[in-house]
Every structure is written in C-alpha cells, then in structure tokens.
Amino acid sequence: MFFEPSTRTKLSFETAMKRLGGSCIGIDSAASSSIIKGESIADTAKMFESYSDALIIRHELEGVSRFISEIVDVPVINAGDGAGQHPTQTLLDLYTMKKEFGHIENLNVALVGDLKYGRTVHSLSYALGLFNVKMTFVSPQELKMPKEILMDLEKNQIEYFEEEHLEKVIDDVDILYDTRIQKERFPDEEEYNKIKDAYLINKEMLEGKDLIVMHPLPRVNEISYDVDNTKHNRYFQQAFNAVPVRMAILETLIKNNPKYI
Ligand code: NCD
C-alpha cells in the first residue's frame, strides 16, 4: 500500500517477493483505490489482509503502519511513514556497511542533510546506536535531528555529536551518509529554498579521502554526478542490496507468522 511516491523501496520489495517465488498486489495512491470514495485506511488494510500474507505500507502520516499492525494479523512492514521512520532502509544500510567494512562497530559515520524530516536517518541513528560507532549529525540549524530522537539516544546512553559544517568532519569519517532535503515536508517553500543546496558533495571535495558516500536516494542536489565513477560511490550498491535484504525480511516475517506454523 504505497500512498507516497516510491521507486527503490516499492520495486525492490516487489522484486524480492517475486524472487522468493511469491507475487504482489497493491495500490500506488489513494486515488487508485476506494479511499478516494471515502473508505477508511483501516477498512482498506483489512481487505489487503484478506488477499495477502504481508502488508508493506508507505504513507505520509507518522504512525500509520503501527496503527495498521494493531488491526491486522499479517506482518506489517513500515516502508516509510511521513517524517517518522524507515526501518527496512536501515537494515539495508547496515548490510551495506557490514559488507564494506566487515563490521559496524567502531565506524565513524556522519549523517548529513535533512535530519529533521528525513525518516531514513531517524531509523538509522537508532540502529547505529546499538553499535559502538562515532555518530555525527551534520545539518543546518533548521534541520537538526528532532529532540525526541536525541532524548531517546541519551536515555540509552548513546553518544552523538552535532555539527553544522561538513568540512569539519569530512577528513575523519568512514561513511558520509547523505540525505535529500525533504521538500514535500516543508510547511513553507521559502524556507526550503533557503537551505535546499546546503551541502553538495563533489569529486573534488573527496579527493585524497578514504571514505564511502551512501545515500538512500533519490538525490536531488546533494551528490554531484562526478562522484558516481569514483571509489567513494556506494549509493548504487546500497540500492542493489535492497533486494537480498528485503528477501530476508519477507521470508523471516512470513515464515514466522503463526498462521503458517
Ligand atoms: C527515502 C524515503 O523515501 O524516505 N528513499 C528511499 O526509500 N530509498 C529518501 C528520500 O525520499 O529522500
């Protein structure tokens, strides 16, 4: 059930399900379902429950997947809920890091860009907090990591650093995890225009540095195309890894559903 645009998440979930020998049904928008006639999302989810073994949901409102998970008996996967979370992206991010370095412990990671509205970095910061990593949040003042996430990290005694200037961290990091400024979440377009080009990573800035660049994609104006053919590019590999990771997620959840045991 995809109520927001998606390329990688939707297509990689579909590919994953098909490679496992399954199939997919779905909707791409409220307009292509009876929600446009006024049907509730709860009733819509109930129908999907009758026709499928797992629900994958992307929606502009935070908490929608959690709400649906409480009213259906099949596994529910949050494929992005507004400016909330994007946990399966995090699993493929961690997988990409582990494949690259052989470990996640002790990595030095900078999360860069829109940390306020970016759901991928919200989920990733919780996950990285489970490992002993050095985590630096690099963003303009207006787009800092939300207070409630920082409080959660502090409650769990997870150390983090905050920084406004990318130049200050770029020499030391193993991973630059860059993100798009989430235009669609800004209440005011003027505000977006002021900071839309806050960080643009290009080939020259990376010269002589021993780091990889990750990005959940889509990129808009964060990574110059001249980075694509350098040793730093891992964002395409990351998107490629989405399929095996999502195959593992689907198989694990469906196999462990009491309905089938
Ligand atoms: C992200 C998303 O939808 O949150 N994309 C993705 O799933 N790979 C990032 C974004 O839209 O900027």
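**Exercise 1. Describe the surroundings of Arg-119.**

The side chain of Arg-119 reaches the backbone oxygen of Gly-82 at 3.1 Å. This is a polar contact, meaning a pair of N or O atoms within 3.5 Å; within protein, one must be able to donate a hydrogen and the other to accept it, and residues adjacent in sequence count only if both atoms are side-chain atoms. The model is predicted: local features need pLDDT of at least 70 and side-chain atom pairs count only at pLDDT 80 or more, while totals for chains, interfaces and linings use all residues. Residues are numbered from 1 along each chain as its sequence is written, and side-chain values use heavy atoms, with hydrogens and water left out.

Step 1. Place the residue. Arg-119 is found in helix α5. Helices (H or I, at least four residues) and strands (E, at least two) are DSSP runs, numbered from the N terminus.

Step 2. Judge its accessibility. Arg-119 counts as buried because its relative accessibility is 8%. Buried means under 20% relative accessible area, exposed over 50%, and partly exposed in between (1.4 Å probe, protein chains only).

Step 3. List its contacts (heavy atoms within 4.5 Å). Leaving aside residues up to four places away in sequence, Arg-119 touches several residues, including Glu-4, Arg-58, Asp-81, Gly-82 and Arg-185.

**Exercise 2. Work out the strand order of the sheet and place helix α5 on it.**

Step 1. Write the order. The five strands run β5-β4-β3-β6-β7 in an open sheet with parallel pairing. Two strands pair if DSSP finds at least two bridges between them.

Step 2. Find the edges. β5 (161–163) and β7 (212–214) each pair on one side only, which makes them the edge strands.

Step 3. Check the pairs through their bridges. Three bridges join β4 (residues 134–138) to β5, and Thr-136 has Phe-161 as its bridge partner in β5. Between β3 and β6 there are four bridges; here Val-109 is partnered by Ile-175 in β6. β6 and β7 pair over three bridges, with Val-213 in β7 as the partner of Leu-176.

Step 4. Sort the side chains of β6. Ile-175 and Tyr-177 point one way, Leu-176 and Asp-178 the other way, and all are buried.

Step 5. Add the helix. α5 (residues 119–128) lies across β3 (108–112), β4 and β6 (175–178), at about 160 degrees to β3. Axes are lines fitted to C-alpha atoms, for helices over the stretch in contact, and angles run from 0 to 180 degrees between N-to-C directions.

**Exercise 3. Which residues make polar contacts with the ligand, and at what distances?**

Step 1. Take the side chains. An N or O atom of the Thr-9 side chain is 2.9 Å from a ligand oxygen atom. For Arg-58, a polar side-chain atom lies 3.1 Å from an oxygen atom of the ligand.

Step 2. Take the backbone. A backbone N or O atom of Leu-217 lies 2.9 Å from a nitrogen atom of the ligand.

**Exercise 4. Compare the backbone at Leu-217 and at Asn-106.**

Step 1. Read phi. Leu-217 has a positive phi of about 65 degrees although it is not a glycine; Asn-106, also not a glycine, has a positive phi of about 70 degrees.

Step 2. Locate both. Leu-217 lies in the loop between β7 and α9, and Asn-106 in the loop between α4 (87–101) and β3.

Step 3. Judge accessibility. Leu-217 is buried at 13% relative accessible area, whereas Asn-106 counts as exposed at 57%.

Step 4. Inspect the next peptide bond. Leu-217 and Pro-218 are joined by a cis peptide bond, with omega about 5 degrees.
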